[in-house]
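Got a few minutes to look at a protein together? Let's ask how we can back up what we say about it.

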Amino acid sequence: MRLQDKVAIVTGGGAGIGEAIAKKFAREGAKVVVCGFPEDPVADVARAIQEEGGTAIEFTGDISLEANAKSCVELAVKQYGKLDILINNAGVFPTTSMLQDYPTEAFDYMLRHNITSTFMMSRAALPELHKTQGNIVSAGSEAGLIGIAENTPYGGTKGFNHAFMRGLAVEQAQFGVRCNCVCPGPIDTAWTHKETGPMDSEMEKTMVQATPLGRRGTPEEVANVYAFLASDEASFVTGALYFVDGGITVAKGPVGDKVPAKLKKEPEGELNPEHKLDGHAQIREEHQ
Ligand SMILES: NC(=O)c1ccc[n+]([C@@H]2O[C@H](COP(=O)([O-])OP(=O)(O)OC[C@H]3O[C@@H](n4cnc5c(N)ncnc54)[C@H](O)[C@@H]3O)[C@@H](O)[C@H]2O)c1
């Protein structure tokens with residue numbers, strides 16, 4: 001119960017890594033606002049948390065819009081009396097392409113949902129986090145640290161989050177607010193499967209080969225690190241970029257091929273995410 005009585009907002013909490021974070025935080029005792037687009041299964045996630053005795057409500061809205069970001073924070077405070085933790089996990093990965101062919105609408109879409117959403121939510125949450133000496137953890141990525149062909153604009157948006165969180169860590173420490181980033185490598189969500197995301201089979205294969213642990217990580221393995229960073233156990237951690245990447249960021253070559261099949265099995269975990277392959281990987285007109 002590392003997050004006992006803490007109030008947390010988890011953006012992008014209806015699917016993938018965000019669903020696992022919401023469920024993990026609830027198991028650790030937090031009251032959770034599960035936030036997502038109106039068509040995201042955030043109500044399902046909140047209900048699943050309640051059914052196992054946890055506390056959660058849903059918020060639906062595009063939080064890259066200032067009014068929605070404010071409403072999300074207001075809901076947390078109205079419902080649970082305060083805000084201790086903001087998890088900026090929401091993000092999009094609409095396409096892969098060489099830059100000369102990269103669609104400008106995909107670029108704009110990522111600026112909005114990977115960058116503006118983090119800015120708006122952080123700005124709206126800070127006055128409440130000052131009252132609780134709370135903290136923010138945002139989603140970075142291996143793609144924001146190393147060069148990945150055909151992923152360049154996406155990596156750029158994640159590099160923004162790294163710099164943004166480091167800057168926030170420095171300026172907000174005087175209010176007792178910690179700010180960190182989790183940088184996942186290839187994670188087993190909709191984004192990293194050719195059937196449900198923009199990667200082709202070659203990308204899928206080389207991504208796993210380049211990962212020393214020889215497999216994708218699970219959303220739960222990422223959620224575990226979010227829980228640590230958001231908890232008081234991480235009270236001296238701020239401005240950190242935490243890699244949860246199976247080693248891909250520090251590796252060279254197809255080192256994953258050396259891992260025997262029996263060690264490539266993903267751990268089953270305990271959280272039973274129901275929407276891990278339902279992610280938001282295409283451009284949707286209503287969110288352009
Ligand atoms: N999956 C990976 O391999 C991987 C690797 C590195 C980093 N990440 C980061 O982790 C985060 C989660 O990725 P995932 O694979 O779980 O994705 P996902 O698509 O499964 O979940 C993301 C959720 O965020 C929601 N969302 C996006 N923009 C929103 C907005 N403006 N308002 C409300 N909801 C919004 C989406 O609808 C979706 O439900 C992202 O920020 C991503 O950049 C993922």
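Q: Which residues does Cys181 touch, not counting residues up to four places away in sequence?
A: Cys181 touches Ser138, Gly140, Asn161, His162, Met165, Leu241 and Tyr242. Keep in mind that this is a predicted model.

Q: Where does Cys181 lie, and how far is it from Ser138 in space?
A: Cys181 sits in strand β6, residues 178-184. Its C-alpha is 4.8 Å from that of Ser138, though the two are 43 residues apart in sequence.

Q: What makes Cys181 count as buried?
A: You need 20 or more other C-beta atoms within 10 Å for that label. Cys181 has 26, so it is buried.

Q: Why is Asp84 called buried too?
A: The cut-off is again 20 or more. Asp84 has 23 other C-beta atoms within 10 Å, so buried is the right word. Asp84 is in the loop between α3 and β4 (85-88).

Q: Which residues is Asp84 in contact with, leaving aside its neighbours within four places in sequence?
A: Those are Lys6, Val7, Ala8, Thr132 and Gly134. Leu271 is another story: its C-alpha is 23 Å from that of Asp84, and the two are 187 residues apart along the chain.

Q: How do you know that α1 is largely enclosed by the rest of the structure?
A: Count its residues: 11 of the 12 are buried, so the helix is largely enclosed. Among them are Ile17, Ala20, Ile21 and Phe25, and the charged residues Glu19, Lys23 and Lys24 are on that list as well.

Q: What span should helix α1 have, and what does it have?
A: At 1.5 Å a residue, the 12 residues of α1 (16-27) should span 16 Å, and the end C-alpha atoms are 17 Å apart, so the two agree. Just after α1 comes Gly29, with a positive phi of about 100 degrees.

Q: How does the span of α4 work out?
A: Its 29 residues should span 42 Å at 1.5 Å a residue, and the end C-alpha atoms are 40 Å apart, which agrees. There is a bend of about 45 degrees at Leu126, and the proline Pro127 follows within four residues. After α4 comes Gln133, with a positive phi near 50 degrees.

Q: How do α3 and α4 cross?
A: The axes of α3 (residues 66-80) and α4 (residues 104-132) come within 8 Å and cross at roughly 35 degrees. The crossing is right-handed. On the α3 side, Glu66, Ala69, Lys70, Val73 and Val77 make the contact, and on the α4 side, Met120, Met121, Ala124, Ala125 and Glu128 do. Sorted by type, these residues are 7 nonpolar, no polar and 3 charged.

Q: What makes the phi of Asp5 worth pointing out?
A: Most residues other than glycine have a negative phi. Asp5 is not a glycine, yet its phi is positive, about 65 degrees. You'll find Asp5 in the segment before β1 (7-11).

Q: Is Asp5 buried or exposed?
A: Exposed means 12 or fewer C-beta neighbours. Asp5 has 12 within 10 Å, so it is exposed.

Q: Why is Asn272 called partly exposed?
A: Partly exposed covers what falls between 12 or fewer and 20 or more. Asn272 has 13 C-beta neighbours inside 10 Å, so it counts as partly exposed. Asn272 is in the segment after β7 (241-244), and its phi is positive, near 50 degrees, in a residue other than glycine.

Key: Residues are numbered from 1 along each chain as its sequence is written. This is a predicted model: local features need pLDDT of at least 70, side-chain atom pairs count only at pLDDT 80 or more; totals for chains, interfaces and linings use all residues. Axes are lines fitted to C-alpha atoms, for helices over the stretch in contact, and angles run from 0 to 180 degrees between N-to-C directions. Helices (H or I, at least four residues) and strands (E, at least two) are DSSP runs, numbered from the N terminus. A crossing is left-handed if the near helix is turned anticlockwise from the far one by less than a right angle, and right-handed if clockwise. Two residues are in contact if their C-beta atoms, placed from the backbone, lie within 7 Å. The expected span of a helix is 1.5 Å times one less than its number of residues. The bend at a residue is the angle between axes fitted to the seven residues ending there and the seven starting there.
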